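Visitor: Could you walk me through this one? I'm new to reading structures, so please take it step by step.

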2 protein chains.
Amino acid sequence: MKGSLNDLRIVVLAGGVGAARFLEGLVQVVRPEQITAIVNTGDDAEFYGLYVSPDLDTVMYTLAGLVNPETGWGLRDDTMQCQEQLARYGEDVWFRLGDRDLATHLRRSILRQSGMPLSEITRRLCESLGVGVRLLPMSDDPVRTVLNTPAGTLPFQEYFVLRGQRDEVRSVHYRGIAEARPAPGVLEAMRTADLIIVAPSNPFVSVAPILAVKGIQDALQKKQACAVAISPIIGGAAVKGPAAEMLRSLGMEVSAYGVANRYRDLVKTFIIDQVDAELAHRIERLDLQVIVTQTLMTGQPEKRALAQCAVESVLLAR
Amino acid sequence: MKGSLNDLRIVVLAGGVGAARFLEGLVQVVRPEQITAIVNTGDDAEFYGLYVSPDLDTVMYTLAGLVNPETGWGLRDDTMQCQEQLARYGEDVWFRLGDRDLATHLRRSILRQSGMPLSEITRRLCESLGVGVRLLPMSDDPVRTVLNTPAGTLPFQEYFVLRGQRDEVRSVHYRGIAEARPAPGVLEAMRTADLIIVAPSNPFVSVAPILAVKGIQDALQKKQACAVAISPIIGGAAVKGPAAEMLRSLGMEVSAYGVANRYRDLVKTFIIDQVDAELAHRIERLDLQVIVTQTLMTGQPEKRALAQCAVESVLLAR
């Protein structure tokens, strides 16, 4: 075991807003350079011919201190002039992309056109914005999360943003997952990590696609002893996003227990919110160590405290 | 000859700002539906992977009442958020594209990707913006104006915008011109026109590329009797753009006479400004009918008066 927090190498499996907020806390506990975030790309999509990577962008903008604090995604003080004009030309504008935000997608698309892999593009964008945490897409290969619903098979953003998660989800699939290789550095970072944290992200559409990439779930299982997950469900509801609706429509228990049950063979420790304290015993029977704390990240102190708790949970257990 | 202004079919060969202002006047004299503008596309360029057509945009924005009145190009009340962020990512931003303006280039690029020709794209954009004048690109095929200078061969926008027209121009070429066919409707509009007006645009980089497209110069010559050109040079200087510098560095006389000399076999009438009145006799010796009037389009009344003058010059001559 390492002697101090300053030597720890930490990997975070990350979705969008919840993971970004957690990482904001984590960089107050350890140096950004100690952290590798492996980020879901199953929600990636094309709009206006531009490659948009919502989770990578949310994490990057948040860690750069540029995120829109009202929404948790997009850029602070952004404007919507381009999309307003696009609407006038008859383009769909249901997926809101601000003017500054569009620059990220333009730049990413230009570099992709030149043949650069997403991982290298992400490294460059982060460097431009002064992000010290290493962000890795889960894969440089295309994976697309699609949801089977009574209304047909919907790409994630269409289900979530366009249709307002109103459809019952019968199953979730990750197109391209069989051919997707982990991005360079992903497995190495997991193998050498002192601590792996599954961020409070949607288990189905944020964490599951990451785990479904060849080799990643195995790599997590090998590190189970130093792996911890944080419940994205608090008091039977998701803080943000469709996790609760998806648990429900997939016939699972809409609770921290339902999430813990999915991670039971992958992590050692499971962190739940105080309001869910009564679930602790049931979760412990899944062979998980349970920590009860405040998981709602209302401000910087709460983010920091949750990160501290996650880091110490593993250190103390060793 | 047609009985009234309301029946005239008018074709305007058009570059950017000068032509756009002239067309603003013309739509006060005749109905927009009577006008077909054949617009230079030799200045078209790609930025950030997007297809930009500066002259088509300038004419379209102007006729839609949306043009930035300060610059004569771009959109009124536009912002620069996207390019500011692109600069942060290391992209070149010397060619200013506002956030609303980018929507035009995004939309055009999407439609091009789908295989739609530029003429049909232009028709749709104009329809969205309520432009009643028919705008036709000179060609749906790519033509690129390049300038040979001591600094090398420069695309027009690089010479003009990036390098501030500081290079001596040794010659002008139109790449792709041999393969370029007139866009659908161009030759037909010229053939059936009652009046063809060469707008006060740069003779080398706005009008010449149009004339160089197969069949267009012939079509103009056939209509010489009802063709009129307006000098873009007033008192030895161009109102806007590099026409004067180009005349000079190509070894030609920097005056309305120099321009008239280029059009001598193509039009019947040449309109010059009052300040150039003393050139009238020399120009008449080129076998051109000369009209001296105010050609500087300082406001709407001046634009209207110039358009009226151009229209009547031909009507009266018949």
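Visitor: In which sense do strand 6 and strand 7 of chain A pair, and over how many bridges?

Guide: Keep in mind that this is a predicted model. Strands of a sheet pair through backbone hydrogen bonds, either parallel or antiparallel. One of the bridges here joins Val146(A) to Pro155(A) in strand 7 of chain A. For strand 6 (residues 144–149) and strand 7 of chain A, the answer is antiparallel, over four bridges.

Visitor: Which strands of that sheet in chain A stand at the edges?

Guide: The sheet is an open one of three strands, in the order 7-6-8. An edge strand has a single partner strand, so one side of it is left without a neighbour in the sheet. That fits strand 7 (152–155) and strand 8 (171–175) of chain A.

Visitor: What angle does helix 8 of chain A make with strand 8 of chain A?

Guide: Let's start with the sheet itself: its neighbouring strands are turned by 30 degrees against each other on average, ignoring direction. Helix 8 (residues 203–212) of chain A packs on this sheet and touches strand 6 and strand 8 of chain A. Its direction and that of strand 8 of chain A make about 45 degrees.

Visitor: What kind of axis relates chain B to chain A?

Guide: Chain B superposes on chain A by a rotation of 180 degrees, with 0.0 Å of shift along the axis and an RMSD of 0.0 Å. That's the relation of a two-fold axis.

Visitor: And which residue of chain B comes closest to the rotation axis?

Guide: The copies meet through the same surface, because 97% of the interface residues of chain B are also interface residues in chain A. As for the axis, the C-alpha to look at is 3.1 Å from it, and it belongs to Asp99(B).

Visitor: Is Arg107(B) buried or exposed?

Guide: You'll find Arg107(B) in helix 4 (residues 99–113) of chain B. Leaving out residues up to four places away in sequence, it touches Leu86(A), Tyr89(A), Glu91(A) and Leu125(B). Its relative accessibility is 13%, and the cut-off is under 20%, so Arg107(B) counts as buried.

Visitor: How many disulfides are there over all chains?

Guide: A disulfide is a covalent bond between the sulfur atoms of two cysteines. The sulfur of Cys82(B), a buried residue at 1% relative accessibility, is 6.9 Å from its closest cysteine sulfur, in Cys82(A), which is too far for a bond. For Cys309(A), the closest is in Cys226(A), 16 Å away and also too far. Over all chains, the count is zero.

Technical notes: Residues are numbered from 1 along each chain as its sequence is written. Chains are lettered from A and ligands numbered from 1 in the order in which they are written. This is a predicted model: local features need pLDDT of at least 70, side-chain atom pairs count only at pLDDT 80 or more; totals for chains, interfaces and linings use all residues. Side-chain values use heavy atoms; hydrogens and water are left out. Helices (H or I, at least four residues) and strands (E, at least two) are DSSP runs, numbered from the N terminus. Buried means under 20% relative accessible area, exposed over 50%, partly exposed in between (1.4 Å probe, protein chains only). Contact means heavy atoms within 4.5 Å. Two strands pair if DSSP finds at least two bridges between them. Axes are lines fitted to C-alpha atoms, for helices over the stretch in contact, and angles run from 0 to 180 degrees between N-to-C directions. Copies are superposed by least squares on the C-alpha atoms of residues with pLDDT of at least 70 in both. A disulfide is a pair of cysteine sulfur atoms within 2.5 Å.
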